[in-house]
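Subject: The structure we talked about

Hi,

Here is the structure I promised to pass along. Have a look at it first, and then read on for what turned up.

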Amino acid sequence: MNSTLRLIGVAAIVLAVGQALAQPVIDGTRDGSYYTQAAVQNTQTGFGDSNLGVIDFANGSELDNVWYYRTATDLYLFIGGNLESNYNKLEIFLDTGISGDNRLLGGYPDVDYGALNRMSDDGNGNGLTFDSTFKATHWYGFTCGGDPLTTYANFSEVKSVLNGGVGYWLGMGSAGNGSITGGNNPNNVEATINNSNVAGVPGGIDIDAGNGQSVTTGMEIKIPLTEIGSPSGIIKASIIINGSGHDYLSNQVLGGIGGGDNLGDPRYNDFSFVPGDQFITIPAGSTTETLAPNGNTINLGKVSGGDLSSLAADDGNALTVCKFIVPSQTSPIVRMTQTYTTTKPSPTAVELDVKAKLVNAGAFKIRGFQH
């Protein structure tokens, strides 16, 4: 993002902020707002390679890539690929850094016909187990099917009911539209799918060398951070395609499993035995940044002392701009443009700290600009 500062007259300041990256539109198509690809699939899909190319129906399931976009209030995930329109399940487990379960123990809220409990310990010491550094704290489930196609989304804390865990059906929606209605969606989660992908990984069980890299349609979800405890640190996400009854894991996991057949009953799977990480890591984002200008153009006036470096701090080293030509009495004495570049992908506010004074009738001294 570029921010432009114009100094007009002797004391009037106008800040014109260049266009920042827009927040993603939840429509199942990855747009330019996503700036980090977190993982690419490394395994062919054992759940069928969809070849229909239509937005609202797929005859196979695959996870080709995942991108994220994080703001101070929301987490956006784009998951390139397909979800077969037979009510196969997209399971998204989050680790937000609080106390969570590395192995699904059971006793969780009864959401989506016992989804979490079907993957959990049945009393025999089993239960879906994640990598040793991943402890699930929250879960989102997404599925689609019917004619016309309808999507369904669910949420639960990965916390037993006895310990206060809550979960609910978020609602239903349609292909290409993130709006979810008809359920309990207090934080306004958005989710949808565009099933038109025909590229990505082929069908099979072998290692795949990056065919999913450039897939730009698939599943997309916006998660308000308030719903998952407003984490300020890193967030981890394990993303899996499961069968329609939450009872048969595919070989489609992000990060990938490095080749291999479908995983089967989730209760008997332990990702800590699979090489690499079967999750992605979304770093914490700082909400503030202090900048000095990296560009300075004198639009009206003439520099009589100092330069761009003089604007870096209020240290006595000042940029002095003199009156040069004033066409009329109402024209500014000086006008200049300051340019700032931030590393933040989606700044929501800009503050300016300006130290300046009128030296004499013809000179204006600026001692420091901070954005």
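Let me start with a loop: Pro148 sits between strand S7 (138-145) and S8. The peptide bond leading into this proline from Asp147 is cis, with omega near 5°. Please keep in mind that this is a predicted model.

A second cis peptide bond runs from Leu254 to Gly255, with omega near -5°. Gly255 belongs to the loop between strand S14 (249-254) and strand S15 (280-282).

Now for the overall picture. The protein has 21 strands and 1 helix. Of its 371 residues, 49% are buried. Among contacts with a separation of 6 or more, 67% are between residues 24 or more positions apart. About 15600 Å² of the protein is exposed, and carbon and sulfur atoms supply 50% of that.

The largest nonpolar core has 36 residues, and those touching the most other members are Ile79, Leu90, Ile92, Tyr140 and Ile239. Strand S13 (residues 235-242) gives this core its largest share, 4 residues. Another core, of 20 residues, lies apart from it and includes Leu128, Phe134, Phe271 and Val274. If you click on Tyr140, you will find that its contacts beyond four places in sequence include Leu90, Ile92, Phe155, Leu170 and Ile223. Polar residues are on that list too, among them Glu91, Asn154 and Glu227.

The aromatic rings deserve a look as well, with 11 aromatic pairs in the structure. In one of them, the rings of Phe130 and Phe134 have centres 5.0 Å apart and planes at 45°, so the pair is tilted. Phe130 is buried at 1% relative accessible area, and Phe134 is buried at 0%. Phe155 and Tyr168 also form a tilted pair, because their planes are at 40°, with ring centres 5.2 Å apart. Phe155 is in strand S8 (residues 150-157) and Tyr168 in strand S9 (residues 167-174), so this pair ties together parts that are 13 residues apart in sequence. Phe155 is buried, with 1% relative accessibility, and Tyr168 counts as buried at 16%.

Elsewhere, Tyr35, Tyr68, Tyr69 and Tyr76 are linked into a cluster by ring pairs. Arg30 lies over the face of Trp67, 4.0 Å from the ring centre.

One polar residue that I would point you to is Asn242, in strand S13. Is Asn242 buried or exposed? Asn242 is buried, at 0% relative accessibility. Its side chain reaches the backbone nitrogen of Tyr248 at 2.9 Å, and a polar atom of that side chain lies 3.3 Å from the backbone oxygen of His246. Setting aside residues up to four places away in sequence, Asn242 touches Phe47, Asn88, Lys89 and Met119, among others.

That brings me back to His246, found in the loop between S13 and S14. Its phi is positive, about 60°, although His246 is not a glycine. Tyr113 likewise has a positive phi of about 60° without being a glycine. Tyr113 is in the loop between strand S6 (86-95) and helix H1 (115-118). As for accessibility, His246 counts as buried at 3%, whereas Tyr113 is exposed at 84%.

Happy browsing, and best wishes!

Notes: Residues are numbered from 1 along each chain as its sequence is written. This is a predicted model: local features need pLDDT of at least 70, side-chain atom pairs count only at pLDDT 80 or more; totals for chains, interfaces and linings use all residues. Side-chain values use heavy atoms; hydrogens and water are left out. Rings of Phe, Tyr and Trp (its six-membered ring) pair if their centres lie within 6.5 Å; planes under 30 degrees apart count as stacked, over 60 as edge-to-face and the rest as tilted. Buried means under 20% relative accessible area, exposed over 50%, partly exposed in between (1.4 Å probe, protein chains only). Helices (H or I, at least four residues) and strands (E, at least two) are DSSP runs, numbered from the N terminus. A charge sits over a ring if NZ of Lys or CZ of Arg is within 6 Å of the ring centre and within 35 degrees of the ring normal. Contact means heavy atoms within 4.5 Å. Accessible areas come from the Shrake-Rupley method with a 1.4 Å probe; for residues, only the protein chains shown count as cover. A nonpolar core is a set of buried Ala, Val, Leu, Ile, Met, Phe, Trp, Tyr and Cys residues joined through side-chain atoms within 4.5 Å. A polar contact is a pair of N or O atoms within 3.5 Å; within protein, one must be able to donate a hydrogen and the other to accept it, and residues adjacent in sequence count only if both atoms are side-chain atoms.
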